[in-house]
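Student: I have the model open. Could you walk me through the cavities, the sheet and the helix crossings?

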Amino acid sequence: MPTEEVCDGVSAEDDAKKGPDVPFLLEERVKEKVSWKDVLRKKVGKKCSCSSARIKALLVDSIPIVKWLPRYQFKDWIIGDAMSGLIVGILLVPQSIAYSLLAELDPIYGLYTSFFASIIYALLGTSRHISVGMFGVLCLLVGQVVDRELTLAGYPLDTNQTTLGNLNNGTGPVCDRSCYAIMVAATLTFTAGVYQVLMGLLQVGFVSVYLSDSLLSGFATGASLTILTSQIKYFLGLHLPRVQGWGSLIKTWISLFKNLGHTNLCDLVTSVLCLLVLVPTKELNDRFKAKLKAPIPFELFVVIAATLASHFGRFEETYGSNVAGSIPTGFMPPQLPNWSLIPNIAVDAFSIAIVGFAITVSLSEMFAKKHGYMVDPNQEMYAIGFCNIIPSFFCCFTTSAALTKTLVKESTGCQTQISGLITALVLLLVLLVVAPAFYSLQKCVLAVIIVVNLRGALRKFGEIPQMWRVNRVDAIIWLITMATSALVNTELGLLVGVLVSAFCVLGRTQSAQIRQLGQAGDRELFEDLAFYKGLQSLPGVAVFRYEAPIYYANQALFKKSLYRSAGLDPLQEKARRRKLDKQRNQKQCGEDQKQEVDVTTIVYLLQHNSLHTLVIDCSPVLFLDTAGVNALKEVSKDYKGLGVNVLLAQCNPSVIDSLRRGGYYDPKKGTKEIQFHTLSDAVSYAQSLKTHNGDCDTVV
């Protein structure tokens, strides 16, 4: 078919005189260059200054109760704080005893832990609502370390016999199993608290943002399965050692099935009866919590009833039931951590510190947002760190915020951490007077309390279909973290969850695609042609958007996606051109062969003649690294070799600065700096470039 050229020479000549459109430009502010030495000197001077105002501000920031207590609205808040503190204190009594069992410690240590944590967080915490105490996942992690160290030290299972004759720990010449267990737990708690305070000093409270809700939820659910499995032996009254190492959940179930024949019927019947009472009553509390002024403490009722039944029925002597044993009153003298244990538990303490901080900050921020106030993540790090360091000298173990008790605290009218001090008073009364009365309480009852409180985490399994529908990436993170925590190793599950989350973020930048944009009529609106109807592509101008930063990991994918979407790969086209030139030079043929080569070349040139400008919308590009700048330079250079201009539009200041420092704008090479603050400016400039060079359409 003959080729006909239609040229609007007059219009081109007139527009050539005018030149291309000049885009609208914003005047940039001139930044004053400040020496890094001056910046450092200013920051150091600010931090190290010593004045009465500075000391007062430091005191208020470090001990928040000094700031809010003088403004306490006694008449309006005291009733709610007193009610919530009393209710939480009553609930904490059975739960503190039960979670001591999970941590492989005597019941009294759980009461100590809840008492000291409530006081210290009330002084140092910035959240008004969270309840700090024992958290099931942390108790599980502490229990695993305690059991491992007991085994390494040579203590037999569940005995109080002295097997080590000389431990230089400040507690005397000998130390029985219970003494060594709390020594390990206290040292672990001290080390975790030191980690948390150091992280607060280094201002790394931001690390909590890397622990997503799906990750924490999956980790808690996986750990809940491990907790559930660890308590089944108490349901059945079996004396089995805690399984250590990877795959402990599966190994524990195998051990349970092998020992079913040794089940203690008294413990089994007690466990079933307690479950039949606690599960429906807990559900009633949840269903009618809007109508109830305070949740009914059924756990305390069950503990009292079970203790009385075990005492008068003589379950320990008659049926061999495993009971809580002697619980002393008062407090033990403070003791130093066992420094020689720190190398053995340093890694475990770090994972416990991260989990405890993440749970505390996530809960405090959630309730602060709900009630309209602010919390300081770094101060929360200090608070939870000292909630571990100081109590570790008084035979306590690791604490963090606890969701269940926090919800109870909020629903019963809590206004400030005065409620935490009232909770501590309730626990103090128990420690000084009531504690010995729980001697006959069966451990299977405590195990039932632990398992019943796992309902919230275990219900997450029913939400998997909804999670999958809402966001498949978050669902995958949840499933992988949960499975690793439960089936492989609890601490490893947290690490795997963090790595999977990071790889998912990287994967999203790797899978980002170039989107071709079209214009909505005459409006200055450009959107995805594949997503919206009624959009128009522009003749001679292709507009694309890349919805990710361009950096070393995805710069090759960016170029590949752009070339594919544009339908013009400069490298392939240049290779074709070199091949045609080579054929022309090598072959000395007749007139017909030469004519055939010329026609082929003409067809090649006409194939992409209509495309003269590529516009890249950089508004979603958050940053560029050196590889990203080089990728854009290569794209511009490659397309320029084919006579196609590349324009960057809507670049943020960070991207513009990277382009300048990376040498993208180089007048010597013909790439002068032209900024386009809107896509319309870039398109108008591109169209004026074509008109300026002569508007000739080729019709084949």
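Tutor: First, a definition: Ala, Val, Leu, Ile, Met, Phe, Trp, Tyr, Cys and Pro count as nonpolar, Asp, Glu, Lys and Arg as charged, and the others, Gly among them, as polar. This is a predicted model, where local features need pLDDT of at least 70, side-chain atom pairs count only at pLDDT 80 or more, and totals for chains, interfaces and linings use all residues. Residues are numbered from 1 along each chain as its sequence is written, and side-chain values use heavy atoms, without hydrogens and water.

Student: How do the residues lining the second largest cavity divide into nonpolar, polar and charged?
Tutor: A cavity is a set of points on a 1 Å grid over the protein atoms alone where a 1.4 Å probe fits but cannot get out; lining residues have an atom within 4 Å of a point. Here the lining is Val88, Ser118, Tyr121, Ile130, Ser131, Val132, Lys409, Gln417, Gly420 and Thr423. The split is four nonpolar, five polar and one charged.

Student: Which helices each supply at least two residues of that lining?
Tutor: Helices are DSSP runs of H or I with at least four residues, and strands are E runs of at least two, numbered from the N terminus. Ser118 and Tyr121 are among the lining residues, as are Gly420 and Thr423. The helices are α6 (107–124) and α17 (418–434).

Student: How much space lies in the second largest cavity?
Tutor: The structure holds four cavities of 30 Å³ or more. Volume is the space filled by probe spheres set on the grid points, which are joined across faces, edges and corners. For the second largest, that is about 60 Å³.

Student: Which strands stand at the edges of the five-stranded sheet?
Tutor: Two strands pair if DSSP finds at least two bridges between them. The sheet is open, with mixed pairing and the order β5-β4-β6-β7-β8. Each edge strand has a single partner, so one side of each is left without a neighbour in the sheet: these are β5 (526–528) and β8 (645–649).

Student: What is the bridge partner of glutamine 519 in β5?
Tutor: β4 (residues 514–519) pairs with β5 in the antiparallel sense over three bridges. The two form a hairpin with six residues between them, and glycine 521 in the turn has a positive phi of about 60 degrees. Glycine 518 stands opposite glutamate 527. The partner of glutamine 519 is phenylalanine 526.

Student: Which residue in β6 stands opposite arginine 515?
Tutor: β4 also pairs with β6 (residues 541–546), antiparallel over four bridges. Opposite arginine 515 is arginine 545.

Student: How are α11 and α12 oriented to each other?
Tutor: Axes are lines fitted to C-alpha atoms over the stretch in contact, with angles from 0 to 180 degrees between N-to-C directions. The axes of α11 (residues 265–287) and α12 (residues 298–313) come within 10 Å and cross at roughly 160 degrees. Angles over 145 degrees count as roughly antiparallel. That makes α11 and α12 roughly antiparallel.

Technical notes. 1 Å grid on protein atoms, 1.4 Å probe; cavity = no way out; pocket = protein on both sides within 12 Å on 5 of 7 lines; lining within 4 Å. Parallel < 35°, antiparallel > 145°, perpendicular 65-115°, else oblique.
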